[in-house]
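The following explanation leads through a single protein chain, beginning inside and moving outward. Please keep the sequence and the coordinates in view while reading.

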Amino acid sequence: MSLTGKRIIVTGAASGIGQQSAKILQEQGAVIAGFDRNEPPAYVDEYIHVDFTDPASINNAVDNFSGSADALCNIAGVPPTAPVVTVVTVNFIGLRYFTERIIGRINDGGSIVNMASLAGVGWPQAVADISRFIESADFENAGALCEEMNIEGARSYFFSKEVLVVWTMQNWNTWRDRGIRVNAVSPGPVATPILGDFLETLGPRAEEDMGVMGRAGTPEEIAPLVAFLCSDESSWINGANISIDGGMSAHVMKQIHDF
């Protein structure tokens with residue numbers, strides 16, 4: 001697999017899965033434009049500051065990005081220790097707004113990779129709220145909507161990832177006339193700087209999840225899938241939500257469906 005000659009946007013490139021994805025993409029020959037609130041210490045050829053809670057910041061970041069890109073990796077995200085509004089805004093509303101603002105700069109035949117999560121596995125049980133949120137949520141009303149739907153505490157993270165999974169599937173053919181694919185990647189617990197936030201918030205549940213698999217995953221194990229979905233070799237993968245969790249999603253399905 002080679003990404004030589006491709007220019008790829010990576011959000012959240014300053015740390016964790018975003019940083020490791022930028023690293024492997026760059027090693028495969030891609031030119032990396034890193035969008036983040038913090039400047040990445042390495043692995044980017046161009047850095048553009050952005051705050052995904054602020055539409056003005058997103059607009060400015062898009063305006064400061066010149067030329068076009070062959071892929072967009074939406075990896076920036078915040079853990080459930082952040083305020084509810086911040087979680088749903090960064091993990092979905094800002095992500096969607098950024099994607100819609102920059103889609104005109106994505107080359108025909110391009111790829112969009114959304115970083116979802118095993119936390120989004122429960123989306124089938126929340127379709128009504130998810131559909132309402134996708135249709136109605138914006139930067140101004142996110143807090144009110146979450147209050148109305150009783151989205152509070154750690155639930156905000158799970159919900160934001162459920163929404164992202166569904167939005168990915170909804171848009172599998174939105175840009176089909178331009179050959180642009182959109183997929184989601186759903187890791188289980190990963191040893192990144194925010195893993196401690198998940199353990200703090202989810203407590204025994206997170207410990208139990210890692211206990212089933214024996215350990216957390218690593219960014220080095222997630223990033224190659226991101227790179228593959230940016231490549232021409234993955235051209236027939238579209239609208240998919242791909243689990244990469246050491247088998248945890250299979251364990252969850254076995255529990256839910258008792259097989």
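**From the interior to the surface**

In this predicted model, Phe 98 touches Ile 9, Thr 11, Phe 35, Phe 52, Ile 58, Val 62, Leu 72 and Asn 74, when residues up to four places away in sequence are not counted. A separate core of 24 residues, the second in the chain, includes Ile 32, Ala 71, Val 113 and Leu 225. The largest nonpolar core, by contrast, has 51 residues. Phe 98 is among the residues with the most contacts inside that largest core, together with Ile 9, Phe 35, Phe 65, Phe 92, Ile 102 and Phe 133.

The secondary structure around these cores can be stated briefly: the chain has ten helices and seven strands. Its radius of gyration is 17 Å, close to the 18 Å that the globule rule gives for 259 residues, so the chain is as compact as a globular protein of that length. Along the principal axes, the C-alpha trace spans about 45 × 40 × 35 Å.

How much of the chain counts as buried? Of the 259 residues, 52% do, with burial taken as under 20% relative accessible area. Among contacts with a separation of 6 or more, 75% are accounted for by residues 24 or more positions apart.

The outer surface completes the description. The chain exposes about 11,200 Å², and carbon and sulfur atoms supply 49% of this area. As for charge, there are 16 positive and 31 negative side chains. The centres of these two sets lie 5 Å apart.

Definitions and conventions: Residues numbered from 1 in each chain as written. Predicted model: local features only at pLDDT ≥ 70, side-chain atom pairs only at ≥ 80, totals over all residues. Heavy atoms only, no water. Helix = DSSP H or I, 4+ residues; strand = E, 2+ residues; numbered from the N terminus. Rg over C-alpha atoms; globule rule 2.2 N^0.38 Å. Buried < 20%, exposed > 50% of the residue type's maximum accessible area, 1.4 Å probe, protein only. Contact = heavy atoms within 4.5 Å. Areas by Shrake-Rupley, 256 points an atom, 1.4 Å probe, with all protein chains shown as cover. Lys, Arg positive; Asp, Glu negative; His and termini not counted. Charge placed at Lys NZ, Arg CZ, Asp CG, Glu CD. Core = buried A, V, L, I, M, F, W, Y, C linked by side-chain atoms within 4.5 Å.
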